[in-house]
Each structure stands twice: as structure tokens, then as C-alpha cells.
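Look at the sequence and the fold together before reading on. The paragraphs below go from single residues to the overall shape.

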Amino acid sequence: MRSPLTDRKRAAVRAVLLALGAGMVLVGLAGGEAQAVWGKAVRICLECIGIG
């Protein structure tokens, strides 16, 4: 039994989801989220090593 989505519709859904994902990444980068995540990762790493 074939899925109700044709190959063309499936490709369109994938393209839309990819575009939405890329847009969300750009919004996060523009809002400074990458810097916040990097800072937390550095603190956790330094605590595990025992320096911080």
C-alpha cells in the first residue's frame, strides 16, 4: 500500500522543514544563543577537569 504523500509532496515537505530549521538556527545565532551555549559548555568542561 502506497503512502498518501507522493514523492513530489514528500520532497516539498522536506524542503520546507529544512528551510524552517535553517531559519531557526539563524534566529538563534542572531539572538546570541551560540555565545550562551558556548559559555555554559566551557564552564561545565572546566568543572569536570577540576580547574574551575
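A residue counts as buried when its relative accessible area is under 20%, as exposed when it is over 50%, and as partly exposed in between. The model shown here is a predicted one, and these three words will be used for it throughout.

Begin with two cysteines. Cys48 is exposed, because its relative accessible area of 67% is over the 50% limit. Cys45 has a relative accessible area of 43%, so it is partly exposed. Do these residues form a disulfide or stay unpaired? A disulfide requires two cysteine sulfur atoms within 2.5 Å. The sulfur of Cys45 has its closest cysteine sulfur in Cys48, at 6.7 Å, and that is too far for a bond. Seen from the other side, the closest cysteine sulfur to that of Cys48 is the one in Cys45, again at 6.7 Å. The number of disulfides is therefore zero.

Next, consider the secondary structure. The protein has two helices and zero strands. Its radius of gyration is 20 Å, while the globule rule gives 10 Å for 52 residues, so the protein is more spread out than a compact globule. The C-alpha trace tells of its dimensions: along the principal axes it spans about 60 × 30 × 10 Å.

Helix α1 covers residues 7-30. At 1.5 Å a residue, its 24 residues should span 34 Å, and the C-alpha atoms at its ends are 35 Å apart, which agrees. How many of the residues of α1 are buried? The count is zero, and the helix is hardly covered. One of the residues in α1 is Gly23. Gly23 is partly exposed, because its relative accessible area is 28%, which falls between the two limits. Just after α1 comes Gly32, which has a positive phi of about 80°.

Helix α2 takes in residues 33-49. The same kind of check can be made on its length: 17 residues at 1.5 Å each should span 24 Å, and the end C-alpha atoms are 25 Å apart, which agrees. Zero of the 17 residues of α2 are buried, so the helix lies largely in the open. After α2 comes Gly50, with a positive phi near 100°.

How far apart are residues of the two parts of the chain? Val37 is in α2, and at 55% relative accessibility it counts as exposed. The C-alpha atoms of Val37 and Leu20 are separated by 21 Å, with their positions 17 residues apart along the chain. A second pair is Gly23 and Trp38, which are 15 residues apart along the chain and have C-alpha atoms separated by 20 Å.

Trp38 also belongs to a nonpolar surface patch, together with Val42, Leu46, Ile49 and Ile51. The area of this patch is about 540 Å². Leu46 lies in α2, and its relative accessible area of 33% makes it partly exposed. One general point helps in reading such a list of positions. An α-helix has 3.6 residues a turn, so residues three or four places apart point the same way.

Finally, turn to the surface as a whole. The protein exposes about 4900 Å², and carbon and sulfur atoms supply 70% of that area. Of its 52 residues, 0% count as buried.

Definitions and conventions
Residues are numbered from 1 along each chain as its sequence is written. This is a predicted model: local features need pLDDT of at least 70, side-chain atom pairs count only at pLDDT 80 or more; totals for chains, interfaces and linings use all residues. Side-chain values use heavy atoms; hydrogens and water are left out. Buried means under 20% relative accessible area, exposed over 50%, partly exposed in between (1.4 Å probe, protein chains only). Patches are made of residues with over 30% relative accessible area and no salt bridge: like charges are joined within 9 Å, nonpolar side chains (Val, Leu, Ile, Met, Phe, Trp, Tyr) within 5 Å. Accessible areas come from the Shrake-Rupley method with a 1.4 Å probe; for residues, only the protein chains shown count as cover. A salt bridge is a side-chain nitrogen of Lys or Arg within 4 Å of a carboxyl oxygen of Asp or Glu. Helices (H or I, at least four residues) and strands (E, at least two) are DSSP runs, numbered from the N terminus. The expected span of a helix is 1.5 Å times one less than its number of residues. The radius of gyration is taken over C-alpha atoms; the globule rule is 2.2 Å times the number of residues to the power 0.38.
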